[in-house]
Amino acid sequence: MWQLHGSELRRAIQDVNGDDMLSYLARNQKEVLHRVNLENKSVMKAIQIRNEVVLIKLHILDKELILSFPQLMNPSREVSKSVTDFVDEWFDLSRDLQPFYDLAYRDEILKKVVLAYKGLRIIAVEELFEALSWSIMGQQISLHVAYGLKQKLVTTYGESIVHDNIEYWLFPTAQQIASLTVEDFRKLSFTQRKAEYIIGVAELIATGQLNKEQLLMMSLEEMETRLTAIRGIGKWSANYVIMRCLRHPDAFPLADVGLHNALKKVLNRTEKPSLAEIEDWAKNWSGWRAYATFYLWRTLQE
């Protein structure tokens, strides 16, 4: 799959819409966990490999991924394998999307959307704590405001490395956040409730009561039941996490405002559709409702 070429790792790709995936990653200027260069079709990101922070640069070309290590001349085989596994997971590269396309081409709502963005893949939030925290931050506020909260949290408590005078940040760990107080969060403009929710999630993960590996062994319904039992995690947050972190292709954040706005736009309506209407349409998307949602979200960036 990945081949070594000098100091770079390369992987041939097909059915990967790199331009739209980079556009998604670049959708907000307050993003601090990666940096996108749309002109040269690349993204740079710091990731944790065991006890080492590694900076990676990924070029997404039409038929090839090129992975390099700006701060490492000769990364070990272990580091290279961990990073390529991360990239494969980050961009959902192992998933065959043809069944989704077949379904979408028969659906009046999805047909034009999928034709427009074919090859777009759901971009993961790999760490469970980050995904849960992000879902809590995004509750009942605009995406831009949520990015502002994340920026404050990450740059206050996250770890970073510097390359060419630019800082690349890691999301704080559950262990780091579990030791904070509500007042620490209030200083960053978080509401008391969101502070309590994130600290509570951090404590569950830090103490081993909740982990990604256990969740991945569950059915979609079991995942939702387990996550919604956590204070501050409703059905929307649970399905968002199942979609972006646990990678279930049929996760469905029915109450998502972005989904509602996208459907309103695609259908050229003056008002948002009702939840009952969306549930009825989504019956045709069974098995791929997460992908249907992600493609619909993409229409909002136009």
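Helices, which here are runs of at least four residues, and strands, which are runs of at least two, are taken from DSSP and numbered from the N terminus. Counted in this way, the secondary structure of the protein chain comes to 15 helices and eight strands. The model is a predicted one, and the paragraphs below move from the chain as a whole to one covered helix, then to the open and enclosed spaces, and lastly to a few single residues.

Taken as a whole, the C-alpha trace of the protein chain spans about 55 × 50 × 35 Å along its principal axes. The radius of gyration of the protein chain is 19 Å, and because a compact globule with 302 residues would have a value near 19 Å, the two agree. Of these 302 residues, 51% count as buried. The surface that the protein chain exposes comes to about 14700 Å², and carbon and sulfur atoms supply 47% of that area. The contacts also show how the chain folds back on itself: among those with a separation of 6 or more, 62% are between residues 24 or more positions apart.

A good place to enter the structure is helix α5, which runs over residues 128-137 and is mostly covered, with ten of its ten residues buried. These buried residues are Leu128, Phe129, Glu130, Ala131, Leu132, Ser133, Trp134, Ser135, Ile136 and Met137. What covers them includes several other helices, namely α6 (143-157), α7 (174-178), α9 (192-206), α10 (212-216), α11 (220-228) and α12 (235-244).

One residue that touches α5 from outside is Ile205, which is found in helix α9. Leaving aside its neighbours within four places in sequence, Ile205 is in contact with Leu128, Phe129, Leu132, Ala174 and Leu210, and Leu128, Phe129 and Leu132 are among the buried residues of α5. Ile205 itself counts as buried because its relative accessibility is 18%, and the cut-off for that class is under 20%. The C-alpha atoms of Ile205 and Gln175 are separated by 7.9 Å, although these two residues are 30 residues apart along the chain.

Helix α5 also has a part in the largest pocket, whose volume is about 1000 Å³. Which residues lie nearest the centre of this pocket? Of the 44 residues that line the pocket, Phe86, Glu126, Glu127, Leu128 and Glu130 are the ones nearest its centre. The elements that give two or more residues to this lining are α1 (18-25), β4 (42-49), α2 (77-90), α5, α6, α7, α10 and α12. The largest share, five residues, comes from the strand β4. By class, the lining of the largest pocket is made up of 24 nonpolar, eight polar and twelve charged residues.

The second largest pocket, with a volume of about 750 Å³, is lined by 27 residues, and Gly138, Leu143, Trp236, Asp256 and Gly258 lie nearest its centre. Two or more residues of this lining are given by each of α5, α6, α9, α12, α13 (257-266) and α15 (289-298). Helix α5 is thus named for the second largest pocket as well as for the largest one. The lining of the second largest pocket has twelve nonpolar, ten polar and five charged residues.

Besides these open spaces, the structure holds one cavity of 30 Å³ or more, and about 30 Å³ of space lies in it. The residues that line this cavity are Asp92, Arg95, Ile122, Met243, Arg247, His248, Pro249 and Tyr291. By class, the lining of the cavity has four nonpolar, one polar and three charged residues.

Two further residues show how other helices meet the rest of the chain. Arg298 has its place in helix α15, and it counts as buried because its relative accessibility is 8%. Not counting residues up to four places away in sequence, Arg298 touches Asp20, Ser23, Tyr117 and Leu120. Ser80, for its part, is found in helix α2, and with a relative accessible area of 15% Ser80 is buried too. With residues up to four places away in sequence again left out, Ser80 touches Leu9, Phe69 and Pro75.

Definitions and conventions:
Residues numbered from 1 in each chain as written. Predicted model: local features only at pLDDT ≥ 70, side-chain atom pairs only at ≥ 80, totals over all residues. Heavy atoms only, no water. 1 Å grid on protein atoms, 1.4 Å probe; cavity = no way out; pocket = protein on both sides within 12 Å on 5 of 7 lines; lining within 4 Å. Points joined across faces, edges and corners; volume = space filled by probe spheres on them. Nonpolar A, V, L, I, M, F, W, Y, C, P; charged D, E, K, R; others polar. Buried < 20%, exposed > 50% of the residue type's maximum accessible area, 1.4 Å probe, protein only. Contact = heavy atoms within 4.5 Å. Rg over C-alpha atoms; globule rule 2.2 N^0.38 Å. Areas by Shrake-Rupley, 256 points an atom, 1.4 Å probe, with all protein chains shown as cover.
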